[in-house]
Amino acid sequence: MLQDFDEHRVSRQIVQRRAFTRNNVESYLFSLRTTVETQVNEWNTTSHFACYKELKSLMLKVAISIFLGVQEKDECSRLNEELTCILKSALAIPQWQIPGLPFWRGMKSREFIQKYLASQIENRRNSVGTDLFTQLCIDCNTQEVMLSREAIVDQMIFLIMAAHDTTASLLSSLTMKLAEHQEWQNLVRAELGELRND
Ligand code: HEM
């Protein structure tokens with residue numbers, strides 16, 4: 001996040017060329033749809049529904065699936081828990097490394113995620129996974145410049161954070177506005193209906 005000028009341009013270009021090609025984005029879309037449909041069907045909307053909390057957890061699941069290619073339930077839950085602690089620590093007051101405080105817990109979680117990602121880079125180099133992490137690790141044996149191991153880990157943590165909390169926030173604001181304006185809901189339904197018919 002704190003990169004500037006050439007350093008920023010070069011690393012952003014590598015991420016763009018490797019992870020955000022048309023084919024890759026199409027495969028992320030497939031994974032996005034599957035994760036969202038499964039989760040939304042499991043939502044219990046008959047009792048009190050904490051919209052922002054549920055959307056945030058869903059977006060984190062999407063990020064773990066698309067960005068890391070992790071589907072296994074226990075692994076997903078553990079990653080979800082650690083990433084949530086990192087996010088909480090970013091806004092924690094005070095930002096002191098005192099055992100037990102949210103900031104300290106977030107730093108521990110960041111260490112966990114850093115080790116988790118770093119330990120998988122070698123295996124992913126020769127893998128065929130379409131997830132974003134694997135795409136950044138794959139060694140294409142070309143002259144193309146690659147990110148260092150540390151840079152891959154940093155880019156992954158940044159991307160997961162940049163993508164999931166912003167989108168959860170957008171979706172919960174959108175939900176609130178749609179709930180307040182029945183006529184907008186009708187317009188959105190009509191538009192979706194037209195898209196389905198296309
Ligand atoms: C509604 C959702 C989103 C909002 C409101 C949002 C907002 C922003 C803003 C304001 C910045 C600029 C921050 C700055 O330069 O100080 C930014 C940067 C960035 N966002 Fe998003 N974002 C959203 C979704 C996403 C998603 C889904 C992804 C990834 C798939 C993403 C990846 C990034 C990246 C990589 C940067 C850094 C760009 C750079 O400096 O090179 N964002 N976002």
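Met-156 is in contact (C-beta atoms, placed from the backbone, within 7 Å) with Phe-67, Leu-117 and Phe-133, once its neighbours within four places in sequence are left aside. The model is a predicted one, in which local features need pLDDT of at least 70 and side-chain atom pairs count only at pLDDT 80 or more, while totals for chains, interfaces and linings use all residues. Residues are numbered from 1 along each chain as its sequence is written.

**Nonpolar core**
- The largest nonpolar core (buried Ala, Val, Leu, Ile, Met, Phe, Trp, Tyr and Cys residues joined through C-beta atoms within 7 Å; buried means 20 or more other C-beta atoms within 10 Å of a residue's own, exposed 12 or fewer, and partly exposed in between) has 27 residues, and those with the most contacts inside it are Met-59, Ala-63, Phe-67, Phe-133 and Met-156.
- At least two residues of this core come from each of the helices (DSSP runs of H or I, at least four residues, numbered from the N terminus) H3 (51-68), H4 (73-90), H5 (102-125), H6 (132-137) and H7 (149-180).
- H3 gives the most to this core, with 10 residues.

**Backbone features**
- Most residues other than glycine have a negative phi, and most peptide bonds are trans.
- Phe-5, which is found in helix H1 (residues 5-19), has a positive phi of about 50° although it is not a glycine, and Phe-5 is exposed, with 7 other C-beta atoms within 10 Å.
- Ile-93 and Pro-94 are joined by a cis peptide bond with omega of about 0°, and Pro-94 has its place in the loop between H4 and H5.

Key:
Contact = placed C-beta atoms within 7 Å.
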